[in-house]
Amino acid sequence: MKLDKLRDMTYGYISTASLRAAIKLGIFSLVKEQPLSAYEISNRLNANLRYVNSLLHLLVDLELLEKKGDLFGNSSIANDFLIPDKPKYQGDFILHITNYWMTWAHLDERIIAGGPEFPYENGFVDAPTYWHDYIKGRHNLAFVGQADLLIQHTNLEGRAKMLDLGGAAGSYSIALCQAYAHLQAVVLDLKQPLEIAAELLPKYDLEDRINLMAADFHKDEFGRDFDVVLISAILRLFSDEEGRNILKKVYDSLLPGGLLIVQEFTPLEKPTQKSFMDKVLDLFLIVGHAQKGSDRSKEEMRAWIEDAGFCDFEFIGLPNQTTLMIANKR
Ligand SMILES: C[S@@+](CC[C@H](N)C(=O)[O-])C[C@H]1O[C@@H](n2cnc3c(N)ncnc32)[C@H](O)[C@@H]1O
């Protein structure tokens with residue numbers, strides 16, 4: 001039993017590799033209309049039948065494909081989440097996370113030396129691929145349900161102009177502008193994410209209501225006329241000093257009575273009883289993103305927000321283990 005557990009851990013990465021390969025090869029799209037045999041799939045991929053056959057059978061055990069007779073078709077998981085252009089597609093996110101393959105292979109070195117290692121630094125993927133998969137992956141996460149939760153648990157009625165700080169592809173601005181017909185948004189981020197946002201906005205017909213602002217949190221001003229600021233999945237990337245400085249600039253960017261919404265992708269309650277996934281994400285944060293980042297407690301976040309000048313603090317734990325913190329400028 002104990003040895004089985006060790007074996008599962010040892011071979012576990014082959015499941016991840018198979019999922020990644022199937023996405024890159026486009027297998028789920030190939031069989032989306034009708035199930036195909038291994039022979040037909042290998043022909044369409046121009047690939048070796050013996051290898052294709054072996055991969056397909058593994059994907060069946062991973063519940064990503066279903067086999068009926070000699071034919072392979074998509075499982076409901078693949079149908080819902082692994083077909084590009086479907087609204088809940090997760091393939092970009094999976095590619096982004098697995099782009100860190102070589103970084104994790106160097107985990108022992110990271111543990112000794114400290115500091116993150118980005119996939120374009122070790123050559124596993126190039127920088128444009130890294131940014132594409134990262135930012136489209138964030139879009140996958142927003143549109144698989146997080147944007148709906150954000151809309152359900154906030155009220156932007158009567159608000160006119162939102163700053164989406166570190167808004168990446170503008171995913172939450174898109175969803176909120178769709179939900180509130182009079183809302184305008186500014187997505188502030190680095191140059192590379194905004195290139196992806198610029199490609200996406202016309203698909204939602206929102207180029208006129210969402211502006212893109214290339215800026216650096218640490219060097220640039222954010223503007224002064226917002227009545228809402230959204231900060232989603234940002235603050236845990238930074239040190240105490242950096243996070244507090246960002247919140248001070250956010251406070252200054254808001255009009256009196258302005259609303260602050262902080263969204264974080266971990267539960268902030270009971271940090272001493274972290275789940276396995278919280279521990280995975282904590283290690284991912286420092287190995288893959290930011291040495292000074294940290295999984296923060298509710299108390300720390302509350303202190304940062306209140307010390308920046310905000311009042312009427314509200315903390316909302318969402319059903320999917322993510323968190324909203326809402327506060328107002330006096
Ligand atoms: C984890 S993503 C969050 C994206 C989006 N808000 C979401 O919730 O999906 C962090 C974002 O912060 C941006 N970012 C990180 N450091 C930044 C900086 N110094 N200035 C501007 N943007 C930055 C990244 O480019 C990235 O788009």
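## A hairpin to start with

Gly-69 sits in the hairpin of β2 and β3, where two residues separate the strands, and takes a positive phi near 60°. Strands here are DSSP runs of E with at least two residues, helices are runs of H or I with at least four, and numbering goes from the N terminus. Everything comes from a predicted model, so local features need pLDDT of at least 70 and side-chain atom pairs count only at pLDDT 80 or more, while totals for chains, interfaces and linings use all residues. Residue numbers start from 1 along each chain as its sequence is written.

## The three-stranded sheet

The hairpin belongs to an open sheet of three strands, ordered β1-β3-β2 with antiparallel pairing. At its edges stand β1 and β2, each with a single partner strand, so one side of each has no neighbour in the sheet. Two strands pair if DSSP finds at least two bridges between them.

β2 (residues 65-68) runs antiparallel to β3, and four bridges join the two. On the other pairing, β1 (residues 36-37) and β3 (residues 71-74) are antiparallel too, over two bridges. Which residue of β3 is the bridge partner of Lys-67? That's Phe-72, and Phe-72 also stands opposite Leu-36. Next along β2, Glu-66 has Gly-73 in β3 as its bridge partner.

## The seven-stranded sheet

There's also an open sheet of seven strands, in the order β6-β5-β4-β7-β8-β10-β9, and its pairing is mixed. Its edge strands are β6 (210-214) and β9 (311-317), each paired on one side only. Ignoring direction, neighbouring strands in this sheet are turned by 15° against each other on average.

At the β9 edge, β9 pairs with β10 (residues 323-328) in the antiparallel sense over five bridges. One of the bridged pairs takes Cys-311 to Asn-328 in β10.

## How the helices cross

Start with α1 (residues 2-25), whose axis comes within 10 Å of that of α4 (residues 49-61), with a crossing of roughly 115°. That makes α1 roughly perpendicular to α4. The axes are lines fitted to C-alpha atoms, for helices over the stretch in contact, and angles between N-to-C directions run from 0 to 180 degrees.

What about α1 and α6: how do their axes cross? They come within 10 Å and cross at roughly 130°, which makes α1 oblique to α6. In these terms, under 35 degrees is roughly parallel, over 145 roughly antiparallel, 65 to 115 roughly perpendicular, and the rest oblique. Helix α6 (residues 91-98) also meets α9 (residues 127-152): their axes come within 7 Å and cross at roughly 135°. So α6 and α9 are oblique to each other.

## Domains

The protein chain is split into domain 1 (2-82) and domain 2 (153-277 + 290-328); the bounds come from an automatic or database domain assignment. Note that domain 2 is given as two segments, 153-277 and 290-328. How far apart are the C-alpha centres of domain 1 and domain 2? They lie 38 Å apart.

## Around the ligand

The ligand is surrounded by 15 residues, and the closest are Arg-138, Gly-166, Ala-168, Ser-232 and Ala-233. To count, a residue needs its C-beta atom, placed from the backbone, within 6 Å of the molecule.

By residue class, the shell around the ligand breaks down into seven nonpolar, five polar and three charged. Here Ala, Val, Leu, Ile, Met, Phe, Trp, Tyr, Cys and Pro are nonpolar, Asp, Glu, Lys and Arg are charged, and the others, Gly among them, are polar.
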